[in-house]
Amino acid sequence: MSLWSAFTNLFSKETVSEETYASEAGEAQIALSVELAPNAMWRKLARRWRKALQRYPNSSRILNNLGVAYEQRGLFRAAGESYRKALELAPDDAYIRRNYELFWKAAQERSR
């Protein structure tokens, strides 16, 4: 089974806990992003994260992953908003905090 198939199957699960969904989806997203990035498929990935967010609107991990997808597409305002919301939901999550800080550091460098 390809990574894309595994990732797509995750989104078709009807009954799965938010924690399991976010964890599995996060792992799949990381693996899949390596495969998709060279093919400029971030748009498709962002669409999948938006769909996941409809199921779990308060998932900090899904918001974080959506921020990554937006950032990779150059949609910096949307990325910043996604990272900010993720951090508001999980202020003690070191992974999300790191992504948020790296995003803003890169934003400062882009504005120079």
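## Exercises on a six-helix chain

Ring pairs link Tyr83, Tyr100, Phe103 and Trp104 into a cluster; here rings of Phe, Tyr and Trp (its six-membered ring) pair if their centres lie within 6.5 Å. Before we start, please note that this is a predicted model, in which local features need pLDDT of at least 70, side-chain atom pairs count only at pLDDT 80 or more, and totals for chains, interfaces and linings use all residues. Residues are numbered from 1 along each chain as its sequence is written, and side-chain values use heavy atoms, with hydrogens and water left out.

### Exercise 1: the overall chain

Describe the secondary structure, burial and surface of the chain.

Solution.
- Step one: take helices (H or I, at least four residues) and strands (E, at least two) as DSSP runs, numbered from the N terminus. The chain then has six helices and zero strands.
- Step two: call a residue buried under 20% relative accessible area, exposed over 50%, and partly exposed in between (1.4 Å probe, protein chains only). Of the 112 residues, 41% count as buried.
- Step three: turn to the surface, with areas from the Shrake-Rupley method and a 1.4 Å probe. The chain exposes about 6800 Å², and carbon and sulfur atoms supply 50% of it.
- Step four: look at contacts, meaning heavy atoms within 4.5 Å. Among those with a separation of 6 or more, 51% join residues 24 or more positions apart.

### Exercise 2: the two sides of α5

Check the span of helix α5 and work out how its buried residues are arranged.

Solution.
- Step one: the expected span of a helix is 1.5 Å times one less than its number of residues. For the 14 residues of α5 (residues 76-89) this gives 20 Å, and the end C-alpha atoms are 20 Å apart, so the two agree.
- Step two: list the buried residues of α5, which are Ala79, Gly80, Ser82, Tyr83, Ala86 and Leu87. Because they cover an arc of only 165 degrees around the axis, they sit on the same side of α5; the arc is that of the directions from the helix axis to the C-beta atoms.
- Step three: turn to the face away from that buried side, which carries the exposed residues Arg77 and Glu88.
- Step four: ask what covers the buried residues of α5; the cover includes α4 (60-73) and α6 (94-110).
- Step five: pick out Asn99 in helix α6. Asn99 is buried, with a relative accessible area of 14%, and leaving aside neighbours within four places in sequence, Asn99 is in contact with Asn64, Val68 and Tyr83.

### Exercise 3: rings in α6

Classify the ring pairs that Trp104 makes with Tyr100 and Phe103.

Solution.
- Step one: recall that a pair of aromatic rings is described by the distance of the centres and the angle of the planes. Planes under 30 degrees apart count as stacked, over 60 as edge-to-face and the rest as tilted.
- Step two: the count is three aromatic pairs. In one of them, the centres of Tyr100 and Trp104 are 6.1 Å apart with planes at 65 degrees, so the pair is edge-to-face.
- Step three: place these two in helix α6, four residues apart, about one turn of the helix. Phe103 and Trp104 also form an edge-to-face pair, with 5.0 Å centre to centre and 80 degrees between the planes.
- Step four: add the burial. Phe103 is buried at a relative accessible area of 2%, while Tyr100 is partly exposed at 22% and Trp104 is partly exposed at 39%.
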